[in-house]
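Student: Could you take me through a close look at the ligand site here, and then the aromatic pairs?

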Amino acid sequence: MTQEENLSQEMPVPRHIVLVGLMGAGKSCIGRRLAARLKRPFLDADHEIEKAAGCSIPEIFERHGEEAFRDGERRVIKRLLSAKEPHIIATGGGAYMDPATREAIARSAISVWLRADLEVLLRRTARRDNRPLLKQGDPRKILSDLIEKRHPFYGLADLTVESQDGPPEVTVERVLQALRDKGCLVEEEHEGEQLGRS
Ligand code: S3P
């Protein structure tokens, strides 16, 4: 008998898990950790957009404008969602506002809204200088307007999980529990060579 026999592990149902929410909600940080826990590949949509464009998001906004960024974002997320193998995908804060993207996510993924309050978002976004939307005025006013405008849309996601300050593992556990409660995690028995099946 090998050590690998008779192991059981919780596996997500075979759909992508897509994290949505405002800038600073922790989508990339939680997504990466969640992917490690679920042994799934992780994709960061913003990073994939930058790769496809060959420049950074601030540069895309500066050279081509927000509309061009949104077009690219829609196309890249559609491509990521078309992957056969289920991934954990972190999206940029504006992605879920796009009706076609929302629809594509609903078709092929479980969506999780990471919800954080204004103070948390402000503190986290202040740590980095890479978000063009927050440079267009007072970040507190911009973020509170975005909360008002976008929260009703994020509320359409399959699951909502609070993302507070503190160790990211706490939020990862909350996401796992929310997936469990929704029947999106199943206990799988692994025996020898069957390890790693999806
Ligand atoms: C945006 C959020 C950013 C990035 C771009 C626009 C938005 O991603 O896609 O700056 O519209 O909220 P994060 O949410 O990962 O910061």
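Tutor: Sure, let's start with the make-up of the shell around the ligand: five nonpolar, three polar and five charged residues (Ala, Val, Leu, Ile, Met, Phe, Trp, Tyr, Cys and Pro count as nonpolar, Asp, Glu, Lys and Arg as charged, and the others, Gly among them, as polar). Bear in mind that this is a predicted model, where local features need pLDDT of at least 70 and side-chain atom pairs 80 or more, while totals for chains, interfaces and linings use all residues. Numbering runs from 1 along each chain as its sequence is written, and side-chain values use heavy atoms, with hydrogens and water left out.

In total, 13 residues surround the ligand, and the closest are Lys27, Asp46, Arg70, Arg131 and Arg150 (a residue is near if one of its heavy atoms lies within 4 Å). Three of these arginines reach ligand oxygens: the side chain of Arg70 has an N or O atom 2.6 Å from one, Arg131 has a side-chain N or O atom 2.6 Å from a ligand oxygen, and a polar side-chain atom of Arg150 also lies 2.6 Å from a ligand oxygen. Taken alone, the ligand exposes 380 Å², and the protein buries 94% of that (Shrake-Rupley areas, 1.4 Å probe).

Now the aromatics: there are two pairs (ring centres within 6.5 Å, using the six-membered ring for Trp; planes under 30 degrees apart are stacked, over 60 edge-to-face, the rest tilted). Phe61 and Phe69 make a tilted pair, 4.9 Å centre to centre with 40° between the planes. Phe61 counts as buried because its relative accessibility is 13%, and Phe69, at 4%, is buried too (buried is under 20% relative accessible area, 1.4 Å probe, protein chains only). Trp113 and Tyr154 form the other tilted pair, at 5.8 Å and 35°.

Note on methods
A polar contact is a pair of N or O atoms within 3.5 Å; within protein, one must be able to donate a hydrogen and the other to accept it, and residues adjacent in sequence count only if both atoms are side-chain atoms. Buried means under 20% relative accessible area, exposed over 50%, partly exposed in between (1.4 Å probe, protein chains only).
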